[in-house]
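Trainee: I would like to go through the interior and the backbone of a model. Please keep the cut-offs explicit.

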Amino acid sequence: MIDLSAMAGRKFAVMGLGKSGLVTAEALRAGGAEVWAWDDNENSRAAAQARGFAPVDLTRCAWNELSALVLSPGIPHTHPKPHPAAALAKANKVEIIGDIELLARSQRTATYVGITGTNGKSTTTALVGHILAEAGRRVAVGGNIGTPALALEPMDDGLYVLEMSSYQLELTPSLVFDVAVLINITPDHLDRHGGMDGYVAAKRLIFRGQKKKQTAVVGTDDEPSRAIHREIATVGDQIVVPISASRPVERGVYVIDGILYDATSGASERIADLRPMRTLPGTHNWQNAAAAYAACRALGVDAPTIAATLATYPGLSHRQELVAVVGGVPYINDSKGTNADATEKALVCYDAIYWIAGGLAKEGGIAALKPLFPRIKRAYLIGEAAEDFAATLGATPHEITGTLAAAVAAAHRDSVRDKVPGAVVLLSPACASFDQFANFEARGDAFRKLALALPGARAAMPAGGCA
């Protein structure tokens, strides 16, 4: 746990007592701070109480005594409407921060790598951590990827590789990343940011405060990211390395037809063939590989080491993870596909798909996926989005199953009956999970368990995907 003794004697409100919130409360208490903990969920308050935190209703407390409100990134502080605790903090001029801000204030001499993007940030974060560890660097990986920042190892002289959501970037005002990576931007979380402009501005914060000798790695495969690249390259405050998964970029890193190239020195050098790497399937993962390569080169890792360690990357759960084979049909867990853009990356990899989709829909639904509907043998729709998705699917074969268990059973029934060569059962919901599950991990774990419980199922490793 991170030592927060610098906060001793001060009072902090912690709003949101999930995994990271509880770790934050415990780290502050261990550091000698007084913690006022609250969660709107009664069960979460009970869990905190079991750990010795007496709940303090933050709508009825003495805000003038508090040093800061440490807010869970999932709780709105601006759009669509600020949570009452956030509104009271602003009214009382109490700073609103996140747990990663506390990490930055306590481990001031460490090196920080921040990675964001609408899609691919978890894979890129894990990939950077893998490369650095294999290169012999002292490294800790966390943030939005799963391990709470304050649960990481204290390292004044090490490397923190942090996945940063747009929410977390807004709550981390003082942290300047030594290497900052923006992979891509497509519409997502627009309600939380007041529209696309607000969302882009939040992602742009990954580069906040960077100066000479610090590096910005910027995707150039979408217009919002290209605009940010043009802006920061023109200003010239930091080293700027563009990346692309589809075209050459001057003095950047790019992938053409699965071959990774480094042109940062001017001349283009072939680095690695990504096509045989089963844990990095498809163009979207080639974009992740380009970003990870550029970040690790900026940290001084040599190109041959990066090329070798790309090939040993083990992959991540819930990202096109092959969890079972039943009657010759692979069952693919892509629960991390929480929006249409992420799900598109999975759909393009397969030609005959029994598709499980639905949950809590994002803006735009699945309309953007219509060109891929011919690949779908049948869709099984779950959660709140089921009826809307059914309307969008139109003549594409589909049924509303409601629950994930019913969807897996129906997909198994149909795939066994049809015996289509090359068919897969794919969970890639294009939705958030919160209507039926605690998070996308819980949804993916449930899918894995259901698939492995089917008659004749066998576990399968490593992860699958398209080449």
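Mentor: Start with residue classes: Ala, Val, Leu, Ile, Met, Phe, Trp, Tyr, Cys and Pro count as nonpolar, Asp, Glu, Lys and Arg as charged, and the others, Gly among them, as polar. This is a predicted model, where local features need pLDDT of at least 70, side-chain atom pairs count only at pLDDT 80 or more, and totals for chains, interfaces and linings use all residues. Residues are numbered from 1 along each chain as its sequence is written, and side-chain values use heavy atoms, with hydrogens and water left out.

Trainee: How do the residues lining the largest cavity divide by class?

Mentor: A cavity is a set of points, on a 1 Å grid over the protein atoms alone, where a 1.4 Å probe fits but cannot get out; lining residues have an atom within 4 Å of a point. The largest cavity holds about 340 Å³, the space filled by probe spheres set on the points, with grid points joined across faces, edges and corners. Its lining has 25 residues, with G120, T123, H284, N285 and R319 nearest the centre. The split is 5 nonpolar, 14 polar and 6 charged.

Trainee: Which element gives the most to the lining of the largest cavity?

Mentor: Elements are DSSP runs numbered from the N terminus: helices (H or I, at least four residues) and strands (E, at least two). Those giving two or more residues to this lining are α5 (121-134), α10 (282-298) and α12 (340-347). With 4 residues, the top contributor is α10.

Trainee: Which element supplies the largest share of the lining of the second largest cavity?

Mentor: The second largest cavity has a volume of about 60 Å³. β1 (11-15), α1 and β3 (68-71) each supply at least two of its lining residues. The largest share is 3 residues, from α1.

Trainee: Which helix gives the largest share of the largest nonpolar core?

Mentor: A nonpolar core joins buried Ala, Val, Leu, Ile, Met, Phe, Trp, Tyr and Cys residues through side-chain atoms within 4.5 Å. Buried means under 20% relative accessible area, exposed over 50%, partly exposed in between (1.4 Å probe, protein chains only). The largest core has 49 residues, and L28 and L162 are among those with the most contacts inside it. Its largest share, 5 residues, comes from helix α1 (residues 19-30).

Trainee: Is Q320 buried or exposed?

Mentor: Most residues other than glycine have a negative phi. Q320 is not a glycine, yet its phi is positive, about 45°. Its relative accessibility is 4%, so Q320 counts as buried.

Notes. 1 Å grid on protein atoms, 1.4 Å probe; cavity = no way out; pocket = protein on both sides within 12 Å on 5 of 7 lines; lining within 4 Å.
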